[in-house]
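Please walk through this structure with me, starting from a single residue and moving outward to the sheet around it and then to a pocket.

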Amino acid sequence: IQFFGLNPDKKTILSVGGSLGAKKINEALEKHLDEFEKNDLQLIWQTGKNHDVVAKEKAKGKTNIWVNDFITQMEYAYAAADVVISRSGAMAVTELCVMQKPVLFVPFPFAAEDHQTVNAKNLVNKNAALMIKDSEALEKLVPTIISLSNNEQKQNELKNNIKKLATTNADEVIAKEILKHIK
């Protein structure tokens with residue numbers, strides 16, 4: 001929290017959309033930015049390189065919002081976050097499982113074979129995440145994330161279920177598999 005200059009006593013939402021950003025996520029946050037302060041929430045907003053200038057201007061003067069195009073210390077962002085908004089590529093899903101964070105996925109609908117939606121639905125079907133469609137983000141993203149941030153019971157359910165999906169020893173699994181084929 002200190003790394004981002006935010007208040008340790010407030011709930012914090014992390015929004016990540018990849019290095020290029022997520023247009024619909026950014027637009028939804030931008031449209032409803034005042035809702036975070038109204039609900040006593042903080043936002044760590046990674047915009048991607050295509051949206052940071054606009055986002056920084058919209059967030060100017062808002063002490064509860066940290067904005068940048070990229071987060072160099074993702075471990076700090078995950079540690080600071082109470083809940084997360086994210087795309088649902090394989091690496092994002094993997095990281096969120098390991099970090100055991102309640103997450104609202106907004107899959108990128110144009111990913112090859114719509115694999116991000118498949119990834120997100122896999123977790124949603126196990127009550128390990130929430131999901132909204134990219135096309136619904138403008139209206140549903142902020143109300144959904146505010147609702148989740150106010151619902152400790154739902155956050156705990158999601159955390160307990162997502163941690164069951166984490167693989168924390170992938171290095172060992174891969175090494176053992178390689179060694180099997182060397183002998």
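**From one threonine to the sheet and a pocket**

In this predicted model, the residue to begin with is T12, which belongs to strand β1, a run covering residues 11-16. Because its relative accessible area is 0%, below the 20% cut-off, T12 counts as buried. Its surroundings can be listed in some detail: leaving aside residues up to four places away in sequence, T12 is in contact with I1, L6, Q42, I44, A80, A81, D82 and V83. A polar atom of the T12 side chain also lies 3.5 Å from the backbone oxygen of K10.

The strand that holds T12 is itself mostly covered, since 5 of the 6 residues of β1 are buried. Strand β1 has a partner in β2 (residues 41-46), with which it pairs in the parallel sense over 5 bridges, and within this pairing I13 stands opposite L43 of β2. Strand β1 also runs parallel to β4 (residues 83-86), to which it is joined by 4 bridges; here S15 is the residue that stands opposite I85 of β4.

From β4 the pairing can be followed further, to β5 (residues 103-105), which runs parallel to β4 and is joined to it by 3 bridges. One of the residues involved is S86, whose bridge partner in β5 is F105. Taken as a whole, the sheet is open and consists of 6 strands with parallel pairing, in the order β3-β2-β1-β4-β5-β6. Its edge strands are β3 (65-68) and β6 (130-131), each of which pairs on one side only.

The remaining part of the tour concerns empty space. Such space is revealed by rolling a probe the size of a water molecule over the atoms. In this model the largest pocket holds about 260 Å³ of space, and its lining is made up of 16 residues, with V16, G18, Q46, M74 and E95 lying nearest the centre. The elements that each give two or more residues to this lining are α4 (74-80) and α5 (90-99), and of the elements it is α5 that gives the most, with 3 residues.

What is the chemical character of the lining of the largest pocket, in terms of nonpolar, polar and charged residues? The residues of the lining divide into 7 that are nonpolar, 7 that are polar and 2 that are charged.

How values were computed:
Residues are numbered from 1 along each chain as its sequence is written. This is a predicted model: local features need pLDDT of at least 70, side-chain atom pairs count only at pLDDT 80 or more; totals for chains, interfaces and linings use all residues. Side-chain values use heavy atoms; hydrogens and water are left out. Buried means under 20% relative accessible area, exposed over 50%, partly exposed in between (1.4 Å probe, protein chains only). A polar contact is a pair of N or O atoms within 3.5 Å; within protein, one must be able to donate a hydrogen and the other to accept it, and residues adjacent in sequence count only if both atoms are side-chain atoms. Contact means heavy atoms within 4.5 Å. Two strands pair if DSSP finds at least two bridges between them. On a 1 Å grid over the protein atoms alone, a cavity is a set of points where a 1.4 Å probe fits but cannot get out, and a pocket is an open set with protein on both sides within 12 Å along at least five of seven lines; lining residues have an atom within 4 Å of a point. Grid points are joined across faces, edges and corners, and a volume is the space filled by probe spheres set on the points. Ala, Val, Leu, Ile, Met, Phe, Trp, Tyr, Cys and Pro count as nonpolar, Asp, Glu, Lys and Arg as charged, and the others, Gly among them, as polar.
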